[in-house]
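Hi,

Here is the structure I promised to pass on. Have a look at it first, and then read on for what turned up.

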Amino acid sequence: MNRPGRARVGLLLTVVTAALLTACTGTEADPARADATPTTRPTSSPTPTSSPSPSPSPTASPIPSTAAEIAEAVDKWYTYGGETAMVSLIKEARNAESDRPREAFELVVLDFGGLTEALSTARLMGPIPDPKTRTAWAAAIEHLDGAVREILDSVPKGGRTIQSPQETGQMLRGWSTFDEGIKSLKAAQALLNRRFGLKPSVDPWEAGA
């Protein structure tokens, strides 16, 4: 299912950055529609019956609590897709960062399609069973996703090629959020290595990996 802004993610967007000024911008959500009137069909009155006995509550899956249980659960998460999701997210974040403008009035091309797909895959993996690592991983996903949305929303509208000061400020805030996502992503990878001895065979942060 497409997420907000997804239609523009795969496009190659040309942006010329203006002076590095910051300014607050806001967005408004579309008002919810409330004009639909529910329809009902007449039904016969039900015959009173005795209330059925409540069904027993389903047994919840055990949550790993001991160090050994957590380590085993993290290993399974990493083995069955977690490593692939993390490596893909790192590589796509690196690719997206390479398009980052470095100076004022620099012509750049933004393409966050690969990063958006990697973020979707990361969410499908679910949370990491270890609390500390889970926090860093979730923060990485949240920050990178927020950065993509904010940067794309700063693209000039109406055929313009030069950003306004407000759009430039929004873009800079987006890249600052992106940096926070990278920090959290590195922290999650470091925690998996330090706490559980899990690391990819090839360092995805290295050029050419």
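**What I found, starting from one serine**

Let's begin with Ser184: leaving aside residues up to four places away in sequence, Ser184 is in contact with Ala136, Ala139, Ala140 and His143. You'll find Ser184 in helix H5. Is Ser184 buried or exposed? Its relative accessible area is 14%, and the cut-off for buried is under 20%, so Ser184 counts as buried. One thing to keep in mind throughout: this is a predicted model.

**The overall layout**

Zooming out, the chain has 5 helices and 2 strands. Going along the sequence, they come in the pattern α-β-α-β-α-α-α. Of the 209 residues in the chain, 33% are buried. If you take the contacts between residues at least 6 apart in sequence, 79% of them join residues at least 24 apart. As for the surface, the chain exposes about 13400 Å², and 56% of that comes from carbon and sulfur atoms.

**Helix H5**

How far apart are the end C-alpha atoms of helix H5? The helix runs over residues 165-196, which makes 32 residues, and at 1.5 Å a residue it should span 46 Å. The end C-alpha atoms are indeed 46 Å apart, so the two agree. Right after H5 comes Gly197, which has a positive phi, near 65 degrees.

**The nonpolar core**

Here's a bit of background: in soluble globular proteins, nonpolar side chains tend to be buried together. In this model, the largest nonpolar core has 36 residues, and the members that touch the most others are Leu89, Phe112, Leu115, Trp137 and Phe178. Which elements give two or more residues to this core? They are helix H2 (67-97), strand S2 (107-110), helix H3 (113-124), helix H4 (131-153) and H5.

Phe178 is a nice one to click on. Not counting residues up to four places away in sequence, Phe178 touches Ala93, Ala96, Glu97, Leu115, Leu144 and Ala147.

**Salt bridges**

How many salt bridges are there? The count comes to 10. These three are worth finding on your screen:

- Arg100 pairs with Asp179, with their closest N and O atoms 2.8 Å apart. This pair links distant parts of the chain, since Arg100 sits in the loop between H2 and S2 while Asp179 is in helix H5, 79 residues apart. Arg100 has a relative accessible area of 17%, so it is buried, whereas Asp179 is partly exposed at 29%.
- Arg195 meets Asp130 at 3.0 Å, N to O. Here too the pair links distant parts of the chain: Arg195 belongs to helix H5 and Asp130 to the loop between H3 and H4, 65 residues apart. With a relative accessibility of 39%, Arg195 is partly exposed, while Asp130, at 2%, is buried.
- Arg160 and Glu167 join through their side chains, at 2.6 Å from N to O. Arg160 is partly exposed, with 38% relative accessibility, and Glu167 is buried, with 10%.

The Arg100 story has one more part. Which residues are linked with Arg100 in a network of salt bridges? They are Glu97, Arg102 and Asp179. You've already met Glu97, as one of the residues that Phe178 touches.

Cheers!

How values were computed
Residues are numbered from 1 along each chain as its sequence is written. This is a predicted model: local features need pLDDT of at least 70, side-chain atom pairs count only at pLDDT 80 or more; totals for chains, interfaces and linings use all residues. Side-chain values use heavy atoms; hydrogens and water are left out. Helices (H or I, at least four residues) and strands (E, at least two) are DSSP runs, numbered from the N terminus. The expected span of a helix is 1.5 Å times one less than its number of residues. A nonpolar core is a set of buried Ala, Val, Leu, Ile, Met, Phe, Trp, Tyr and Cys residues joined through side-chain atoms within 4.5 Å. Buried means under 20% relative accessible area, exposed over 50%, partly exposed in between (1.4 Å probe, protein chains only). Contact means heavy atoms within 4.5 Å. A salt bridge is a side-chain nitrogen of Lys or Arg within 4 Å of a carboxyl oxygen of Asp or Glu. Accessible areas come from the Shrake-Rupley method with a 1.4 Å probe; for residues, only the protein chains shown count as cover.
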